[in-house]
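Here are a few exercises to work through with the model open beside you. Try each task before you read its solution.

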Amino acid sequence: MGRSNAWTSEVDWQTGQWQRRGQGPTHHEWHPPSPRGVLAKRPLTFFEVLDSGFRLLRFIPGLTIGAALIVFTLWTLLLTAVGTFVVLEFLPFLNELVSNDDAMSGFFLLAQMGSFAISLLSLGVAHFLAGLAAAGAESSFGARKTTLTQSWMSLRGRRWSLILAAALLGTINLGLLILLGLPSLLFALFDNTVLAIVTAFIALGLWLCALIWLNLRFAFTGTAISVERLGVRAGLKRSWSLTGTGFWRTLGQLGLGYLLSNQLVQLVITPLVTVITVIATIAIGTADASSMSMTIILVIAGAILLLLTTVSSAILFAYFSCLVCVCYFDQRMRSEGFDLVLIRREEGTA
């Protein structure tokens, strides 16, 4: 066959022979381009990750903040019940403690350290919240909103895996705290107060370092279980593998995001707490000396402060869970080319 007419002939690339050109290329039906997603389908810079966490939080507040409010309401009720039981159980001891100024100073120091430890133990809840928000984060690449009900239904078959993973990591964090705190407890039992305080601070520092490293290596457990439909053990291995590269970048993003969001929440909550405290103090000063009125004022003020604490914690961890999701997808884009998968998927649904 002649080769002079390229319009009627072509090469068969299997045999290398010229042949008559077949039917021309078909015209594909035009489709509008897929909408621009809330999260960019490309690897992000350091500060783009932080901003994307806020964008995701604003895009699906019902899923992120709503889930965090439910979880932290239950968490607060649990801690309140435990605290009430402890106070009622050790009421005679607490009465004797109030009468001793030195004992009260030590008690306040231990209470502050305990409050700090409890706030860090709450990081175990972040794994569950991140797994719950992962479905909404994945849909946000196509600008599709996901409700809390839709996200919960999409986790069918993996809900217990997500809950068990969060409980396991929280238990590990608590176990490390108890193990490292045993020496200071032994010194306190033998009335060696100075060594007990010194070892308590050392144990708290070591626990903080172990907590940061361990929770960073397992930070993507919840999202991996949710997105990749894994079990608990496979989710832990998957998170360990993903965080093996880019460790310091992920540490900086999650650490800075947590600190900045915490400071932002404190800037909003602190004036409200101050106003409530002042109003409660004035009300106590002007109230009758009867114990009933004092009790009512203290209960109302305590309930409001507890409500503000719950709301602030929910907002903080809602943003942190969004940030974990963004870091998870960003890491997969950098190491596995997941951005190409997302682009192809959105083109297929356009």
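**Exercise 1.** Find the residues that make a nonpolar surface patch of about 840 Å², then classify leucine 185 by its accessibility.

*Solution.* Start with the members: Leu174, Ile178, Leu179, Leu182, Leu185, Leu186, Leu189 and Phe190 make the patch. This is a predicted model, where local features need pLDDT of at least 70, side-chain atom pairs count only at pLDDT 80 or more, and totals for chains, interfaces and linings use all residues. Residues are numbered from 1 along each chain as its sequence is written, and side-chain values use heavy atoms, leaving out hydrogens and water. Next, place leucine 185: helix 7 (residues 159-189) holds it. Its relative accessibility is 47%, so leucine 185 is partly exposed (buried is under 20% relative accessible area, exposed over 50%, partly exposed in between, with a 1.4 Å probe and protein chains only).

**Exercise 2.** How many disulfides does a search of the whole structure find?

*Solution.* The search turns up 0, a disulfide being a pair of cysteine sulfur atoms within 2.5 Å. Take cysteine 325 as a check: the nearest cysteine sulfur belongs to cysteine 322 and is 6.4 Å away. Now for accessibility: cysteine 325 is buried because its relative accessibility is 0%, whereas cysteine 209, with a relative accessible area of 53%, is exposed.

**Exercise 3.** Which element gives the largest share of the lining of the second largest pocket?

*Solution.* Helix 7 does, with 6 residues.

Note on methods. Patches are made of residues with over 30% relative accessible area and no salt bridge: like charges are joined within 9 Å, nonpolar side chains (Val, Leu, Ile, Met, Phe, Trp, Tyr) within 5 Å. Accessible areas come from the Shrake-Rupley method with a 1.4 Å probe; for residues, only the protein chains shown count as cover. A salt bridge is a side-chain nitrogen of Lys or Arg within 4 Å of a carboxyl oxygen of Asp or Glu. Helices (H or I, at least four residues) and strands (E, at least two) are DSSP runs, numbered from the N terminus.
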